[in-house]
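I opened this notebook to keep track of what I looked up, entry by entry, while reading one structure slowly from its sheet to its rings.

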Amino acid sequence: MTVQTLGVAMNGVTGRMGYRQHLSRSVLEIRDAGGVELADGTRVIPEPVLVGRSPEKLRTIAERHDIERWTTDLDSVLSDDGIPVYFDAQITHARESAVRAAIAAGKHIYTEKPTAATLDEALELAKLAEQAGVRNGVVQDKLFLPGLLKLRRLIDSGFFGEVLSVRGEFGYWVFEGDWQPGQRPSWNYRSEDDGGIVLDMFPHWHYVLEHLFGAVRTVTARTATHIPRRWDENGEPYEATADDAAYGIFDLEGGAIAQINSSWSVRVDRDELVEFQVDGTEGSAVAGLRGCRIQHRTATPKAVWDPDVADPVDHRAGWTEVPDNRDFPNGFRAQWEDFLRHVAAGTPFPHDLLSGARGLQMAEAGLRSARTGERIVLDEVPNT
């Protein structure tokens, strides 16, 4: 058996998402399992090299997980020919310049989103990557979650007939930070630090809609800063200048209409923190992170509106759970495995920097719509 070790510079793994999902639950688990197998039997083993600003945090993580190399000097990593892959999970405003430098150094790129602060910058990164001939990818983890994989299975089977609409509900209450610590970093609520739920979540909703239901053609959105005053990690009060809620309507290619509410100022009365209801001519489904329930047209009760009497129908009882029928790995790990195969063997990987730019385009359109009240028609993002 041939074994290929692939050095992966991982920048931003001292943060919650970078550490838990990308390093601990993805790259290290892939490494410890003996890597990913290619079609010819070769096994590709990722070897992480940690990059960040805090030597203390990097040293602690490296010692905890038996990682040989870490550094606070990004340039030294980018100049190392033995590290062909660069991954970025930094704060948004630090990402674009680091990814640009990694492309210039000839590294293959895998990055969190948004890929940059503006669409123009995101398109420039995609162009530079193509010109440099480096493989590139953007994290689009929700497509690899069990609930959405089951939804994909239903779509591919023709279960819905014609898809009419998609309705999404996402969010939870993020504590203000005064009497209970907030669950998200304070920069998320400052527009000057590229915070805001639109920039954070609209790129997610874009790839979900694009890959499952069709290209997004128009955007109409309303945003709000429902909680204008919060307390940071040091217990100091600050003004929240970024949106903490967004309410969007999206026209999709093919005629379906999507509505997605996103909020960090909502209390949850759902089975999961995010749910998508898909209604079609032949059936409907409600998918979350893990579960997916369906109701076929033949099992749809005949509802009659009568506000003067109790509804005799138990509507929730009329839905059936979609079985797993397979094991579902961690969604971040599954996409990492696909990207490693893409780098090592050139297998298809549609989640590239240009796809990430389209997500940022939808976010910018949402902010513009909220600012002007207009319905924004999305121009086709040019190929690089």
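The entries below go through the sheet, two residues, the cores and the aromatic pairs.

**Entry on the sheet.** I noted before anything else that this is a predicted model, and then I turned to the strands. I found nine strands that form an open sheet with mixed pairing, in the order 17-16-15-14-8-13-12-9-18. The edge strands are strand 17 (320-321) and strand 18 (376-377), each of which pairs on one side only. I also looked up what sits against the sheet, and found that helix 9 (residues 353-372) packs on it, where the helix touches strand 9 (216-224), strand 12 (245-252) and strand 18. The direction of helix 9 makes about 55° with that of strand 9.

I then followed one pairing inside the sheet, that of strand 8 (residues 163-171) with strand 14 (residues 274-280), which is antiparallel and runs over seven bridges. Within it, Val-166 stands opposite Val-278 of strand 14. I reminded myself that the strands of a sheet pair through backbone hydrogen bonds, in either a parallel or an antiparallel way.

**Entry on Leu-353.** Is Leu-353, which I found in helix 9, buried or exposed? Leu-353 has a relative accessible area of 0%, so I wrote it down as buried, the cut-off being under 20%. I listed what it touches beyond its sequence neighbours, and among these residues are Ile-103, Thr-111, Leu-125, Ala-129 and Val-138. I also looked up Ile-109, which is 244 residues away from Leu-353 along the chain, although the C-alpha atoms of the two are separated by 8.7 Å.

**Entry on Gln-295.** Gln-295 has its place in strand 16 (residues 292-296), and at 10% relative accessibility this residue counts as buried. Which backbone oxygen does the side chain of Gln-295 reach? I found that it is the one of Gly-318, at 3.0 Å. The residues that Gln-295 touches include Phe-159, Ser-284, Pro-301, His-315 and Trp-319.

**Entry on the cores.** I looked next for nonpolar cores, and the largest has 76 residues, with Tyr-86, Leu-151, Leu-154, Phe-202, Trp-205, Leu-209 and Phe-250 having the most contacts inside it. Helix 7 (residues 197-212) gives the largest share of this core, namely 10 residues. A second core of 28 residues is separate, and it includes Val-8, Ile-61, Ile-67 and Phe-349. I added a general remark that nonpolar side chains tend to be buried together in soluble globular proteins.

For Leu-151 I wrote down its contacts away from its sequence neighbours, and Phe-160, Leu-212, Val-278 and Cys-292 are among them.

**Entry on the aromatic pairs.** How many aromatic pairs does a search of the whole structure find? The search finds 13. One of interest to me is the edge-to-face pair of Phe-170 and Trp-205, which lie 5.5 Å apart from centre to centre with 65° between the planes. Phe-170 lies in strand 8 and Trp-205 in helix 7, so this pair ties together parts that are 35 residues apart in sequence. Phe-170 counts as buried at 10% relative accessibility, and Trp-205 counts as buried at 0%.

The rings of Tyr-189 and Trp-264 have centres 5.3 Å apart and planes at 65°, so I recorded this pair as edge-to-face too. Both Tyr-189 and Trp-264 are buried. My last note is that ring pairs link Phe-87, Tyr-110, Trp-336, Phe-339 and Phe-349 into a cluster.

Notes:
Residues are numbered from 1 along each chain as its sequence is written. This is a predicted model: local features need pLDDT of at least 70, side-chain atom pairs count only at pLDDT 80 or more; totals for chains, interfaces and linings use all residues. Side-chain values use heavy atoms; hydrogens and water are left out. Two strands pair if DSSP finds at least two bridges between them. Helices (H or I, at least four residues) and strands (E, at least two) are DSSP runs, numbered from the N terminus. Contact means heavy atoms within 4.5 Å. Axes are lines fitted to C-alpha atoms, for helices over the stretch in contact, and angles run from 0 to 180 degrees between N-to-C directions. Buried means under 20% relative accessible area, exposed over 50%, partly exposed in between (1.4 Å probe, protein chains only). A polar contact is a pair of N or O atoms within 3.5 Å; within protein, one must be able to donate a hydrogen and the other to accept it, and residues adjacent in sequence count only if both atoms are side-chain atoms. A nonpolar core is a set of buried Ala, Val, Leu, Ile, Met, Phe, Trp, Tyr and Cys residues joined through side-chain atoms within 4.5 Å. Rings of Phe, Tyr and Trp (its six-membered ring) pair if their centres lie within 6.5 Å; planes under 30 degrees apart count as stacked, over 60 as edge-to-face and the rest as tilted. Lists of a residue's contacts leave out its neighbours within four places in sequence.
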